[in-house]
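Here is a short set of exercises to work through with the model open beside you. Try each task before reading its solution.

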Amino acid sequence: MLASSIIPTVLLPVWVAVTLWFVGAFARVTSGERAERLYAWSWMLGSLAMWIHIFASYAVVYHWCHAEALQATAEESERVTGIRAGWGVYVNFVFALVWSIYSALLVKGGTRQLTTDRAVFWFTAAIVLMATVVFEAGAVRIASGVGFLAFCAVALSNARRD
């Protein structure tokens with residue numbers, strides 16, 4: 001595929017996924033049944049968009065070659081952190097799997113367990129932060145940084161009211 005097909009096939013789904021992660025994160029710290037549904041569904045749809053991104057990346061960028069994905073991830077990791085870490089591919093798989101399973105449980109109507117919800121939230125937040133603020137540049141980094149700062153402000157404001 002041409003490089004111009006990478007944006008709609010590979011990048012658009014991850015942008016949607018990150019946006020829906022933020023929508024869910026903001027809904028998570030808002031009270032009410034409607035906010036709970038928004039949290040569950042935005043995260044479910046976001047996690048599905050993440051899987052589309054992963055499969056599209058394998059198809060379009062790595063040509064279904066796992067070794068190529070590991071190599072590219074190791075090179076990117078070394079460029080950004082100085083540490084050559086191809087295992088980041090597996091971290092992404094765990095992230096998508098945890099996010100999907102937890103989201104499915106939320107949509108199914110399971111009640112949030114405070115400890116589990118916090119653990120899943122902070123794990124996914126750490127991955128989203130690393131992927132968008134540490135490993136990205138430009139508009140993605142700025143938008144995500146603003147999103148995280150706004151989330152912290154809203155979460156702190158809502159916590160003070162409770």
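A salt bridge here is a side-chain nitrogen of Lys or Arg within 4 Å of a carboxyl oxygen of Asp or Glu. This is a predicted model, in which local features need pLDDT of at least 70 and side-chain atom pairs count only at pLDDT 80 or more, while totals for chains, interfaces and linings use all residues. Residues are numbered from 1 along each chain as its sequence is written, and side-chain values use heavy atoms, with hydrogens and water left out.

**Exercise 1. Salt bridges**

Find how many salt bridges the rule gives, and describe the pairs made by Glu76, Glu78 and Asp117.

Step 1. Applying the rule yields 4 salt bridges.

Step 2. Begin with Glu76, whose side chain meets that of Arg79 at 2.7 Å, N to O. Both residues belong to helix α3, 3 residues apart, or about one turn of the helix. Helices are DSSP runs of H or I with at least four residues, numbered from the N terminus. An α-helix has 3.6 residues a turn, so residues three or four places apart point the same way.

Step 3. Now check the exposure of this pair, where buried means under 20% relative accessible area, exposed over 50%, and partly exposed in between (1.4 Å probe, protein chains only). Glu76 is partly exposed at 29%, whereas Arg79 counts as exposed at 60%.

Step 4. Glu78 pairs with Arg84, and their closest N and O atoms are 2.8 Å apart. Glu78 is partly exposed, at 39% relative accessibility, and Arg84 is partly exposed too, at 43%.

Step 5. Asp117 bridges to Arg28, with 2.8 Å between the closest N and O atoms. Asp117 sits in helix α5 and Arg28 in helix α1, so this pair ties together parts that are 89 residues apart in sequence. Asp117 and Arg28 are both buried.

**Exercise 2. Helix spans**

Compare the end-to-end reach of α2 and of α5 with the expected span, which is 1.5 Å times one less than the number of residues.

Step 1. Helix α2 covers residues 33–61, which is 29 residues, and the expected value is 42 Å. From its first C-alpha to its last, α2 reaches 41 Å, close to that expectation.

Step 2. Helix α5 covers residues 114–134, and its 21 residues should span 30 Å. The end C-alpha atoms of α5 are 28 Å apart, which agrees.

Step 3. While you are in α5, look at its buried residues, among them Val120, Phe121, Ala125 and Val128.

**Exercise 3. Positive phi after α2**

Which phi values do His63 and Trp64 take, and are these residues buried or exposed?

Step 1. His63 has a phi near 50°, a positive value in a residue other than glycine. Trp64 also has a positive phi, near 60°.

Step 2. His63 is placed in the loop between α2 and α3 (66–81), and Trp64 lies in the loop between α2 and α3 as well.

Step 3. His63 counts as exposed because its relative accessibility is 53%. Trp64 is exposed because its value is 57%.

**Exercise 4. The nonpolar core**

Identify the residues that touch the most other members of the largest nonpolar core, then list the contacts of Trp99.

Step 1. A nonpolar core is a set of buried Ala, Val, Leu, Ile, Met, Phe, Trp, Tyr and Cys residues joined through side-chain atoms within 4.5 Å.

Step 2. The largest core has 31 residues, of which Trp21, Trp43, Met50, Trp99, Phe121 and Val128 touch the most other members. Two or more residues come from each of α1, α2, α4 (88–108), α5 and α6 (138–161).

Step 3. Contact means heavy atoms within 4.5 Å. Setting aside neighbours within four places in sequence, Trp99 is in contact with Ala17, Trp21, Trp43, Gly46, Ser47, Met50 and Thr124.

**Exercise 5. A loop alanine**

Is Ala85 buried or exposed, and which residues does Ala85 touch?

Step 1. Locate Ala85 in the loop between α3 and α4.

Step 2. Ala85 counts as buried because its relative accessibility is 7%.

Step 3. Not counting residues up to four places away in sequence, Ala85 touches Thr73, Ala74 and Ser77. Ala85 and Gln71 are 14 residues apart in sequence, with 8.8 Å between their C-alpha atoms.
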